[in-house]
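Visitor: I'd like to learn how to read a ligand site in a model. Could you walk me through one?

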Amino acid sequence: MRSGGVLEIAARNQDLDAAEARRLNHPNAAHGPYVLIEVQDIGAGMADEMLEKIFDPFFTTKEFGTGSGLGLSTSLAIVQSHGGFLNVISAVGKGTTFQVFLPALRGARPAEAPRPKVSQPAGKGELILVVDDEAPMRLIIQRTLEMGNYRVVLASGGAEAVAIYAERGGEFAAVITDMTMPMMDGLETINALRALNPKLPVIGASGLASTVYGPKLARLGIRHILPKPFSGQELLIMVQKLLEETRSPDVA
Ligand SMILES: Nc1ncnc2c1ncn2[C@@H]1O[C@H](COP(=O)(O)OP(=O)(O)OP(=O)(O)O)[C@@H](O)[C@H]1O
Ligand SMILES: [Mg+2]
């Protein structure tokens, strides 16, 4: 919603009877209990021709360099891997509702939420440069690293990261960079930073880690790849490993 608007996110239990399940016309839509998560906007909405394509990988109407067209195909894959399905209700000019149906287990007791194990903060105040075009992501990574006793400098893109590194490069113990970014992507960012310091320890974070970026990062000799979404624990463990290996490279 470019000019603002209301985004509603709701969750509830929803029993589908056989008729409703048929009406939804989806192979995973059997009758039974579901948890329904609804995300509703009052944005542009979509016409039927568009709705047919939105789950296709790389289908995007965003300007070149701003969208990967992978948001919805990734969401669909995640929902389906949980045995669920998606339903979209949309009208041009009125907005869109995405319904995520996840099969519910009857009578199951909620599992106890795993407690985040931040046993001992592993950091010794090392300074980490974090590059990500998404502000919420930068904030989460920053908070996590600070809980792990690292210090953090944020950059919202490759150019900013290079500018910061050119000025204060000597202070940084490592860089964590997102791979999918507009303008300069993660690979270009890493190449530019490595031109300033060929030995710079790098973690590449990406939702496409294993498929698209894994081999490319491997060619740059980068073995620390963090698949998104990652937990705080996974992030801290990877940073700790990277820094340990940097301190004693022959052990790595
Ligand atoms: N809530 C919505 N309202 C209107 N159009 C939408 C909505 N969600 C998705 N679309 C349309 O579907 C297309 C594909 O969405 P998808 O999330 O897969 O990729 P993207 O948003 O273009 O890129 P990315 O998710 O990488 O930022 C969008 O480009 C847009 O045209
Ligand atoms: Mg998207």
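Guide: Happily; we will go from the ligand to its pocket, and then to two spots in the backbone. Keep in mind that this is a predicted model.

Visitor: Where should I begin, and which residues are closest to ligand 1?

Guide: Start with the shell of neighbours. Here, 16 residues surround ligand 1, and the closest are Asp41, Thr60, Thr61, Lys62 and Ser68. Sorted by class, this shell holds seven nonpolar, seven polar and two charged residues.

Visitor: Which atoms of ligand 1 does the side chain of Asp41 approach?

Guide: For polar contacts, look for pairs of N or O atoms within 3.5 Å. In this model, a nitrogen atom of ligand 1 lies 2.7 Å from a polar side-chain atom of Asp41. Ser68 faces an oxygen atom instead, with a polar side-chain atom 2.5 Å from that oxygen of ligand 1. Thr96 joins in too: an N or O atom of its side chain is 3.5 Å from a nitrogen atom of ligand 1.

Visitor: How much of ligand 1 does the protein cover?

Guide: Compare the ligand on its own with the ligand in place. Alone, ligand 1 has 590 Å² of accessible area, and the protein covers 79% of it.

Visitor: Which elements give two or more residues to the shell around ligand 1?

Guide: They are α3 (71-81) and β4 (95-103).

Visitor: And what kind of place does ligand 1 sit in?

Guide: Ligand 1 sits in the largest pocket, which holds about 2,100 Å³ of space. To read a pocket, ask what lines it. This one has 48 lining residues, and those nearest its centre are Lys62, Gly67, Ser68, Gly69 and Gly71. By class, the lining has 24 nonpolar, 15 polar and nine charged residues.

Visitor: Which element supplies the largest share of that lining?

Guide: That is α3, with four residues. At least two residues each come from β2 (32-41), α3, β4, α4 (135-147) and α7 (209-219).

Visitor: Now for the backbone. Which residues does a cis peptide bond join?

Guide: Check the omega angle. Between Lys228 and Pro229 omega is about -5 degrees, and the bond is cis. Pro229 lies in the loop between β9 (225-227) and α8 (232-247).

Visitor: What about phi at Asn149?

Guide: Look at its sign and at the residue type. Asn149 is not a glycine, yet its phi is positive, at about 70 degrees. You will find Asn149 in the loop between α4 and β6 (151-155).

Notes. Residues are numbered from 1 along each chain as its sequence is written. Chains are lettered from A and ligands numbered from 1 in the order in which they are written. This is a predicted model: local features need pLDDT of at least 70, side-chain atom pairs count only at pLDDT 80 or more; totals for chains, interfaces and linings use all residues. Side-chain values use heavy atoms; hydrogens and water are left out. A residue is near a molecule or strand if one of its heavy atoms lies within 4 Å of it. A polar contact is a pair of N or O atoms within 3.5 Å; within protein, one must be able to donate a hydrogen and the other to accept it, and residues adjacent in sequence count only if both atoms are side-chain atoms. Accessible areas come from the Shrake-Rupley method with a 1.4 Å probe; for residues, only the protein chains shown count as cover. On a 1 Å grid over the protein atoms alone, a cavity is a set of points where a 1.4 Å probe fits but cannot get out, and a pocket is an open set with protein on both sides within 12 Å along at least five of seven lines; lining residues have an atom within 4 Å of a point. A molecule sits in a cavity or pocket if more than half of its atoms lie within 2 Å of its grid points. Ala, Val, Leu, Ile, Met, Phe, Trp, Tyr, Cys and Pro count as nonpolar, Asp, Glu, Lys and Arg as charged, and the others, Gly among them, as polar. Grid points are joined across faces, edges and corners, and a volume is the space filled by probe spheres set on the points.
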